[in-house]
Amino acid sequence: GQPRGGRRAPRKGRDLETELAIPFKTAILGGSYPITLDRGGRMETIQVTIPAGIEDGKRMRLAGQGEPSRGGGAAGALLLTIKVLPHPHFRRQGDTLSVTLPVTLEEAALGAKIDVPTPTGPISLKIPPGSSTGKKLRVKGHGVAASGRPAGDLFVELSVTLPDRYDEATQEALRELQRRMGQEGVRR
């Protein structure tokens with residue numbers, strides 16, 4: 001089983017396996033991310049290119065980034081399992097993103113143009129008059145844009161926020177509004 005001359009063929013280095021936790025934004029947009037690992041007893045930091053749109057739990061194989069060979073052969077591979085860290089505002093389902101957006105009573109009742117966060121930066125969105133908590137607005141093409149696929153959508157769910165306290169004049173104005181709205185509902 002040995003090659004001629006009594007020499008052994010060089011052995012490939014051992015593969016390394018590890019988990020790489022990346023920020024939500026890096027998973028959505030892609031980019032370079034550092035990882036520090038022990039290769040052959042030495043701690044080294046390498047930059048890993050993360051493809052845009054990578055999902056939690058996906059595996060990446062980086063040839064030649066594992067343990068070095070001890071006899072002049074090729075280095076092993078680095079096998080990464082991607083762990084996407086949660087985002088405080090965005091939620092992901094496939095290529096679709098969703099976000100809950102707080103709006104004031106005035107913005108919801110009268111309509112407004114407000115800034116909405118997206119992974120690439122804020123955009124302006126028109127809130128239709130008469131919107132309520134739970135209303136979802138679709139923003140085409142502002143979801144996940146994985147390579148080779150069209151970009152997904154962003155769904156903005158409205159959440160009407162109200163003040164904790166009201167002075168007497170505001171309370172009376174709200175009562176008057178309720179009376180007027182109650183009368184309009186009866187007329188219809």
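**Entry 1. The pocket**

I looked up which residues line the largest pocket and found R11, K12, G13, R14, E67, P68, S69, R70 and G71. The model I am reading is a predicted one. I noted a volume of about 150 Å³ for the largest pocket. I then sorted its lining by residue type: five residues are charged, three are polar and one is nonpolar.

**Entry 2. Strand β7**

Next I went along strand β7, residues 96–104, and wrote down which way each side chain points. L97, V99, L101 and V103 point to one face and are buried. T96, S98, T100, P102 and T104 point to the other face and are not buried. The side chains therefore alternate along the strand, with buried meaning under 20% relative accessible area.

**Entry 3. Partners of β7**

I asked which strands pair with β7, and in what sense. Strand β6, residues 90–93, runs antiparallel to β7, and four bridges join the two. As one example of a bridge, I noted R92 with L97 of β7. The hairpin of β6 and β7 has two residues between the strands. In this hairpin I found G94 with a positive phi near 65°.

Strand β11, residues 154–161, pairs with β7 in the parallel sense, over eight bridges. Here I noted V99 and its bridge partner in β11, V156. V99 is also among the β7 residues with buried side chains.

**Entry 4. V116**

I looked for V116 and found it in strand β8, residues 112–116. Is V116 buried or exposed? V116 is buried, because its relative accessible area is 0% and the cut-off for buried is under 20%.

I then listed what V116 touches, leaving aside its neighbours within four places in sequence. The contacts are L101, G121, P122, I123, L125, L154 and V156. Two names on that list come back from my earlier entries: L101 is on the buried face of β7, and V156 is the bridge partner of V99. For V116 and L101 I also took the C-alpha to C-alpha distance, which is 7.5 Å, with their positions 15 residues apart in sequence.

**Entry 5. L177**

Last, I looked up L177, which is in helix α3, residues 168–187. How accessible is L177? L177 has a relative accessible area of 42%, so I entered this residue as partly exposed; that class lies between the 20% and 50% cut-offs. I also took the C-alpha separation of L177 and I22, which is 49 Å. These two residues are 155 residues apart along the chain.

Terms used
Residues numbered from 1 in each chain as written. Predicted model: local features only at pLDDT ≥ 70, side-chain atom pairs only at ≥ 80, totals over all residues. Heavy atoms only, no water. 1 Å grid on protein atoms, 1.4 Å probe; cavity = no way out; pocket = protein on both sides within 12 Å on 5 of 7 lines; lining within 4 Å. Points joined across faces, edges and corners; volume = space filled by probe spheres on them. Nonpolar A, V, L, I, M, F, W, Y, C, P; charged D, E, K, R; others polar. Buried < 20%, exposed > 50% of the residue type's maximum accessible area, 1.4 Å probe, protein only. Pairing = 2+ DSSP bridges. Contact = heavy atoms within 4.5 Å.
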